[in-house]
Amino acid sequence: MFLAPSRQAVLRTVVSKSSPATPFRQFTTGPVPGGRNVVVVSGVRLPFAQASTIYQDEMAVDLQRLAITGLINQTALPKDAVDYVICGNVIQEVRTSNIAREAAVNAGLPYHIGAHTVAQACISANAAIASGAAAIQTGHADVVIAGGVETFSDVPIRLPRTIRQKLITLPKAMKKGGPLGAVRHMLKGLKLKDISLETPAIANYTTGEVMGVSSDKLSAKFGVSRQEQDEFTVRSHTLAQKAHDEGFYKDEIIPYKGSTTENGIKGDSTIESVSKLKPAFVKPYGTHTAANSSYLTDGAAATLLMSEEKAKEMGYKPWAYLRDWSFQACDPWEELLLGPTYCTSDILVRNNMQLSEIGVFEIHEAFAGQILSNLVAMDSDKFAEEKLGGKKIGAVPIEKMNIKGGSLSIGHPFGATGSRLVSTASRRLQQEGERFALLAACADGGLGHACLLERYDG
């Protein structure tokens, strides 16, 4: 068990005033020494919504198209200025497997603009953004739209493999034996268990374990209690509602049918209400419930990346520099959702930085137990000694983390969350006057991501 020295600090909900900005640093721009500066110019998203609600009649490609169109309209970006489009998507619809290309074409971008889609579980949009940034750094592009989309309102549902194989060979059987031969072909060897449907499951293919179970185990390992998880959940909903009420998301969210409402946010959540829910994964004694776990969410987002030179040439005032990023992997059986800790360590070590230099934190909230476990691991001497070469990360100041809400309240469309994190962190840097922002997210398969942003003042 890895216990943090101060659990009260982790659960404080009062947001303090921003600390003074840290001194300017010199960077070589991420993993390509001497590469061109990459800037985040803008970012938008559709309202994130609970599955099977407002987007139940939309395909994922339509949501991504709306996000790209919204970004172009909001920034007055000439469509022919775009060099490339990259989108993240996890649960793919077979007709739009390269959803980035289909969405780009349907958003009216010129046909000659290339596009590809990336799937890396919950960090798919992060992978899209990093790929776009690398293209800009190396001079292969000047302007990239990167983002992602997910819908759980329209998931592919398949027949079992046995029946699929029979249907694939059905034309041959029909040609050979006619209608009667086709019937015999379909019924031969068919068992009662074959008469079913296969729906996408939020479970790891290799371990067979549902992510909620993995997070529950992680919380037990790091000593994160049910009460702490519920308190953090209420914090997320309270801050998300406050951010909406104060207009923080007004320009970030592209209205859908005239509305910017995100219907998963429950601003009236209380410890009393969430504590009544029963365990959802490890029954009957688990700590993870429907409340302190992120819900199935539909949504799409898009981020505008440029080289600094191109942004200046086109008259844009960027939000932030994208300085560095990290993708790491860990043990999917024991540490499935601990990627943020390893990636944060990698970012800090590679850039010779201390955690105290970070003024803005945006860390993905897949589960309250998952994010709290990562915070404990980051501030654990024992974990640092055993897993991080003795280099402890330190305590993340809760008053600087996810102060506009997080995935527990806003929602988590798998392919889009990474783009939301970049937009929110970049805008917070400008609003709060901090110098650096750190983003981090976990993903299925024991994968993780972190990236470093620096406020743009040019």
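A charge is taken to sit over a ring if NZ of Lys or CZ of Arg is within 6 Å of the ring centre and within 35 degrees of the ring normal. In this predicted model, the charged end of Arg45 meets that description, sitting over the ring of Tyr249 at 4.7 Å from its centre. A further case is found at Arg323, which lies over the face of Tyr321, 4.0 Å from the ring centre.

The UniProt record, an unreviewed entry, places the feature "domain: Thiolase C-terminal" at residues 317–455. Over this stretch the chain is 36% helix and 22% strand, and the C-alpha atoms at its two ends are 11 Å apart.

Strand β7, which covers residues 320–329, is a good place to begin with the strands. Because 7 of its 10 residues are buried, β7 is largely enclosed by the rest of the structure. Strand β1 (residues 38–45) pairs with β7 in the antiparallel sense over 2 bridges, and here Val40 has Ala320 as its bridge partner. The pairing of β7 with strand β10 (residues 447–455) is likewise antiparallel and runs over 9 bridges. Within that pairing, Phe327 finds its bridge partner in His449 of β10.

Aromatic side chains offer another view of how the chain comes together. The count comes to 7 aromatic pairs. One of them joins Phe152 and Phe414 in an edge-to-face arrangement, with 5.0 Å from centre to centre and 85 degrees between the planes. Phe152 lies in the loop between β5 (143–150) and α5 (161–168), while Phe414 belongs to the loop between α14 (407–410) and α15 (417–432), so this pair ties together parts that are 262 residues apart in sequence. Both partners are buried: Phe152 has a relative accessible area of 12%, and Phe414 has one of 11%.

A second edge-to-face pair is formed by Phe281 and Phe367, with 6.1 Å between the centres and 85 degrees between the planes. Phe281 lies in the loop between α9 (271–274) and β6 (297–307), and Phe367 in the loop between β8 (360–363) and α12 (368–378); the pair therefore ties together parts that are 86 residues apart in sequence. Here the partners differ in exposure, since Phe281 is partly exposed at a relative accessible area of 29%, whereas Phe367 is buried at 7%. Elsewhere, Phe222, Tyr342 and Phe383 form one aromatic cluster.

Turning to the helices, α15 is mostly covered, with 14 of its 16 residues buried. At 1.5 Å a residue, a helix of 16 residues should span 22 Å, and the end C-alpha atoms of α15 are 22 Å apart, which agrees. Ser419 is found in this helix and is buried, with a relative accessible area of 1%. What surrounds Ser419? Beyond its neighbours within four places in sequence, Ser419 is in contact with Ala125, Ile129, Ala146, Gly147, Ala301, Ala302 and Thr303. Just after α15, Gly433 takes a positive phi of about 75 degrees.

Helix α2 (residues 60–75) also has 16 residues, for which 22 Å is expected; its end C-alpha atoms are 23 Å apart, which agrees. Among the buried residues of α2 are Ala60, Val61, Leu63, Ala67, Ile68, Leu71 and Ile72, together with the polar or charged Asp62, Gln64 and Thr75. The elements covering the buried residues of α2 include β1, β3 (84–88), α3 (99–106), β5 and β6.

The backbone holds a few less common geometries. Most residues other than glycine have a negative phi, and most peptide bonds are trans. Ala76, just after α2, has a positive phi of about 55 degrees although it is not a glycine. This residue is found in the loop between α2 and β3 and, at 60% relative accessibility, counts as exposed. Asn352 is a further non-glycine residue with a positive phi, again of about 55 degrees. Asn352 has its place in the loop between α11 (339–350) and β8, and its relative accessibility of 62% makes it exposed too. Finally, a cis peptide bond joins Lys283 and Pro284, with omega at about 5 degrees. Pro284 is found in the loop between α9 and β6, where Phe281 also lies.

Technical notes. Residues numbered from 1 in each chain as written. Predicted model: local features only at pLDDT ≥ 70, side-chain atom pairs only at ≥ 80, totals over all residues. Heavy atoms only, no water. UniProt positions renumbered as here; feature names shortened; annotations may be inferred. Helix = DSSP H or I, 4+ residues; strand = E, 2+ residues; numbered from the N terminus. Phe/Tyr/Trp six-rings, centres within 6.5 Å; stacked < 30°, edge-to-face > 60°. Buried < 20%, exposed > 50% of the residue type's maximum accessible area, 1.4 Å probe, protein only. Pairing = 2+ DSSP bridges. Contact = heavy atoms within 4.5 Å. Expected span 1.5 Å × (residues − 1).
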